[in-house]
Amino acid sequence: MAPAPNGNARAYHLCERLLRQWDPMFSRTIDPTRDRRSAEIVAALAERPPGPFRVLELGSGPGPLTEKLLRRFRTCRVVSLDHDPVLLRIGELALRRFHSRATWVLADLRARDWRAELPFQRFDAVVSSLTLHWLEEDEIRNVYRNLHRLLKPGGSFVDGDFLPSRSSREPPERARRRRPAKEDSRLRAFKVQWGTWWNEVATDRSLKGFLREREVRLPGPFPPRRTSGPKTPAPLEFHLEALRAAGFLESHVAWHDRGFRVLVAAR
Ligand SMILES: C[S@@+](CC[C@H](N)C(=O)[O-])C[C@H]1O[C@@H](n2cnc3c(N)ncnc32)[C@H](O)[C@@H]1O
């Protein structure tokens, strides 16, 4: 993606602010385990040998995890992939200080050949946060087969997501009825902040073209909400089996809290 024209200080500052707001918008409302989960994803990569390495992030959004990786590992480069052109543009402008260490790729993980959009075909690690639960099971299998091809031998895939185990999964209707009032108020708070966040995006002239592109690629309501994908996310057991079927040697849960897990798979 091309950089913003020189002197576009307003867009730079807005995007930096929008990225700063992203994590707390989730962690203080609907995703209280987020900060610990992100820290576990980063920690899982710390075990790798020293030296330069390349990471692919699936569903990066505006780059909160990309930023943590770039800050923690001075020798890493990150390719951040998402299907939302607005979120990618915000990340690109907000994290421009990392120059060529960050690359932003517009691609849809539901496409069979999404790998073709990448600038490289070999990675030392792949990470993802709160993204794969948006996909159907056959799409996740296709993602895992592609990851197996993209990862170098010895590389790892680290996924932090809502990955409930099969035994604890509830039909969404029943889960909604049982949901404590506190959770409902968190969801309400999130919706207010989400609306404000997107309304702020819409105020910036330099993001207008990206918003129009978003409307074409991801038609739906504004502020955006998920209109496709499974009602209940694929269970942990499905992911373990699909990773094995894709050729991964070993996978295990490195961290968990209330259905949120960090899954680490070795290529
Ligand atoms: C809940 S957000 C998480 C964003 C970020 N990883 C985080 O943890 O804050 C889910 C992200 O996945 C992206 N996403 C969802 N479905 C996708 C798909 N089919 N292809 C690429 N990205 C997708 C969304 O645009 C969004 O940025």
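1. In this predicted model, an oxygen atom of the ligand lies 2.6 Å from an N or O atom in the side chain of tryptophan 22. Two further polar approaches involve nitrogen atoms of the ligand: one is 2.8 Å from an N or O atom in the side chain of aspartate 108, and one is 2.9 Å from a polar backbone atom of leucine 109. Taken alone, the ligand would expose 590 Å², and the protein buries 95% of that area.

2. The surroundings of the ligand can also be described residue by residue. The ligand has 20 residues around it, and those that come nearest are Trp22, Arg34, Gly59, Asp82 and Ser129. Sorted by class, this shell is made up of eight nonpolar, six polar and six charged residues.

3. Turning to the chain as a whole, a reader tracing the backbone will find nine helices and seven strands. The radius of gyration is 18 Å, close to the 18 Å that the globule rule gives for 267 residues, so the chain is as compact as a globular protein of that length. Along the principal axes, the C-alpha atoms fill a box of roughly 50 × 50 × 30 Å, and 50% of the 267 residues count as buried.

4. Side chains of opposite charge can pair when their charged atoms come close. The structure holds 16 salt bridges, and one of them joins aspartate 257 to arginine 36, with the closest N and O atoms 2.6 Å apart. Because aspartate 257 belongs to strand S6 (residues 250-257) and arginine 36 to helix H2 (residues 34-45), this pair ties together parts that are 221 residues apart in sequence. Aspartate 257 is buried, at a relative accessible area of 16%, whereas arginine 36 counts as partly exposed at 42%.

5. Aspartate 257 also meets arginine 258 in a salt bridge between their side chains, at 2.9 Å from N to O. Arginine 258 has a relative accessibility of 56% and therefore counts as exposed, since the cut-off for that class is over 50%.

6. A salt bridge within a single helix is formed by glutamate 67 and arginine 71, whose closest N and O atoms are 3.3 Å apart. These residues are four apart in helix H3 (residues 64-72), which means that about one helical turn separates them. Glutamate 67 is buried, with a relative accessible area of 18%. Elsewhere, salt bridges that share partners join Asp23, Asp31, Arg34, Arg37 and Lys68 into one network.

7. Some details of the backbone deserve a careful look, given that most residues other than glycine have a negative phi, and most peptide bonds are trans. The peptide bond from phenylalanine 222 to proline 223 is cis, with omega near -5°, and proline 223 sits in the loop between helix H8 (208-217) and helix H9 (236-246).

8. Histidine 99 has a positive phi, near 50°, although it is not a glycine. Histidine 99 is placed in the loop between helix H4 (85-94) and strand S3 (102-106), and with a relative accessibility of 63% it counts as exposed.

9. Leucine 130 likewise has a positive phi, near 55°, in a residue other than glycine. Its place is the loop between strand S4 (123-129) and helix H5 (137-150). Leucine 130 counts as buried, because its relative accessibility of 18% falls under the 20% cut-off.

Conventions: Residues numbered from 1 in each chain as written. Predicted model: local features only at pLDDT ≥ 70, side-chain atom pairs only at ≥ 80, totals over all residues. Heavy atoms only, no water. Near = heavy atom within 4 Å. Polar contact = N/O pair within 3.5 Å; in protein donor to acceptor, adjacent residues only side chain to side chain. Areas by Shrake-Rupley, 256 points an atom, 1.4 Å probe, with all protein chains shown as cover. Nonpolar A, V, L, I, M, F, W, Y, C, P; charged D, E, K, R; others polar. Salt bridge = Lys/Arg side-chain N within 4 Å of Asp/Glu carboxyl O. Helix = DSSP H or I, 4+ residues; strand = E, 2+ residues; numbered from the N terminus. Buried < 20%, exposed > 50% of the residue type's maximum accessible area, 1.4 Å probe, protein only. Rg over C-alpha atoms; globule rule 2.2 N^0.38 Å.
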